[in-house]
Amino acid sequence: MDAISVIRTKRDRGELSPEQIDWVIDAYTRGDVADEQMSALAMAILLNGMNRAEIARWTAAMIASGERMDFGALSRPTTDKHSTGGVGDKITLPLAPLVAACGAAVPQLSGRGLGHTGGTLDKLESIPGWRAHLSNAEMLDVLDTTGAVICAAGDGLAPADKKLYALRDVTGTVEAIPLIASSIMSKKIAEGTGALVLDVKVGSGAFMKTIEDARELASTMVALGTDSGVRTVALLTDMATPLGLTAGNALEVRESVEVLAGGGPKDVIDLTLALAREMLDAAGLKDADPEKALADGSAMDVWRRMISAQGGDPDAELPVSREQHVISAPSSGVLTRLDAYDVGVAAWRLGAGRARKEDPVQAGAGIELHAKPGDTVTEGQPLLTLHTDTPEKFEYALKALPGSYDIAPSGTPFTATPVVRERIA
């Protein structure tokens with residue numbers, strides 16, 4: 001077996017054999033296949049695709065490159081959620097403790113932000129003392145004692161994916177649906193959860209810009225999970241507009257705590273409850289009532305225990321940016337559009353995100369939204385507040401925002417896009 005013959009097979013629109021897939025993933029993980037060779041193969045996959053059998057074998061080979069976790073000793077059923085990423089997507093923060101409060105165990109292995117999309121670990125690290133990196137034993141202990149854990153995936157979980165993910169990011173092959181699906185599902189299957197709910201974002205602020213691409217990705221991942229014995233369902237959710245009223249790290253933690261306290265924006269509450277119901281149903285806890293657990297404070301109790309168990313102080317003051325800049329509404333009327341991608345890029349440029357994995361992020365940086373599509377605004381009222389510690393970033397961030405919103409005359413009819421657009425099982 002050699003790399004050139006594998007590349008040629010996919011270059012010429014052929015089907016990779018199971019033996020070719022097993023060999024190339026193993027050889028790349030060991031360093032016997034060079035980055036430039038795997039780059040060529042990734043581009044061939046982007047251009048020519050893979051069938052279901054190829055994607056399933058590719059995913060299995062990535063799982064086999066590392067360890068598999070086992071939650072069989074837990075007394076609760078395990079259920080997890082994965083989002084394909086968006087702007088203001090803080091849903092994991094209230095969702096994990098909420099589902100745990102309803103009787104499930106939630107082993108939430110999360111990632112960091114890159115570009116315009118935020119990362120769950122970056123958000124939580126704005127809480128003083130909180131630790132993202134836990135050993136497997138620590139992770140199991142937090143899960144067993146609190147019911148939920150949000151942490152970074154260990155180095156032993158699908159190491160082939162870690163190498164390939166970094167390569168795709170610098171070779172223009174991130175968008176390949178077979179590679180997105182296998183990347184996500186290899187980690188989630190290796191993680192060992194019994195049930196999985198996928199939140200596949202669609203819209204300007206998502207990887208999948210069209211409903212058709214989102215359906216294809218969701219269907220591919222649901223099939224991979226189902227074929228591996230994991231009860232899997234996907235929701236296609238809207239990412240044309242940022243979720244909630246904040247995009248940033250500490251800003252989103254603050255908003256998440258508001259949701260756990262019984263307040264918060266309606267779209268965040270609605271999506272949190274929709275995903276909670278799916279997760280609990282997939283875990284066999286059909287009679288659980290997440291709305292009650294949110295209202296009676298039990299989800300907040302789990303949040304506090306979970307943060308404390310990972311070294312964080314749930315009562316600590318969250319970081320606040322040193323500088324703010326307000327963008328005011330240029331006219332009165334109805335806000336009919338607020339583009340998620342543009343807001344995400346501006347937040348990233350303010351310091352909330354990173355261009356490279358090793359870049360630092362500012363805990364207090366980001367954007368507050370003072371209105372959402374459908375709201376009536378008055379000329380001169382605050383529309384957006386930009387936050388950063390480095391005021392020289394304002395100019396660059398502001399360049400992302402012209403044309404990012406529309407204000408129509410008062411009385412213009414407006415129909416909101418539902419947060420959950422479709423369900424795929």
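Lys163 lies over the face of Tyr28, 4.3 Å from the ring centre. This contact belongs to a predicted model. A second charge is placed in a comparable way: the charged end of Arg349 sits over the ring of Tyr396, at 4.0 Å from its centre. Pairs between aromatic rings, by contrast, number 0.

**The four-stranded sheet**

- The sheet is open and consists of 4 strands in the order 1-4-5-13, with mixed pairing.
- Strand 1 (79-83) and strand 13 (420-424) each have a single partner strand, so one side of each of these edge strands is left without a neighbour in the sheet.
- On average, neighbouring strands of the sheet are turned by 20° against each other, direction ignored.
- Strand 1 runs parallel to strand 4 (residues 195-202), and 5 bridges join the two.
- Thr79 has Ala195, in strand 4, as its bridge partner.
- Helix 9 (residues 177-191) lies across strand 1 and strand 4, and its direction is at about 165° to strand 1.

**The surroundings of Gly115**

- Gly115 is located in the loop between strand 2 (106-110) and helix 6 (120-124).
- Gly115 counts as buried because its relative accessibility is 16%, and the limit for a buried residue is under 20%.
- Leaving aside residues up to four places away in sequence, Gly115 touches Trp348, Gly353 and Arg354.
- Between Gly115 and Ile45 there is a separation of 70 residues in sequence and of 23 Å in space, C-alpha to C-alpha.

Note on methods
Residues numbered from 1 in each chain as written. Predicted model: local features only at pLDDT ≥ 70, side-chain atom pairs only at ≥ 80, totals over all residues. Heavy atoms only, no water. Pairing = 2+ DSSP bridges. Axes fitted to C-alpha atoms, helices over the stretch in contact; angles between N-to-C directions. Contact = heavy atoms within 4.5 Å. Phe/Tyr/Trp six-rings, centres within 6.5 Å; stacked < 30°, edge-to-face > 60°. Lys NZ or Arg CZ within 6 Å of the ring centre and 35° of its normal. Buried < 20%, exposed > 50% of the residue type's maximum accessible area, 1.4 Å probe, protein only.
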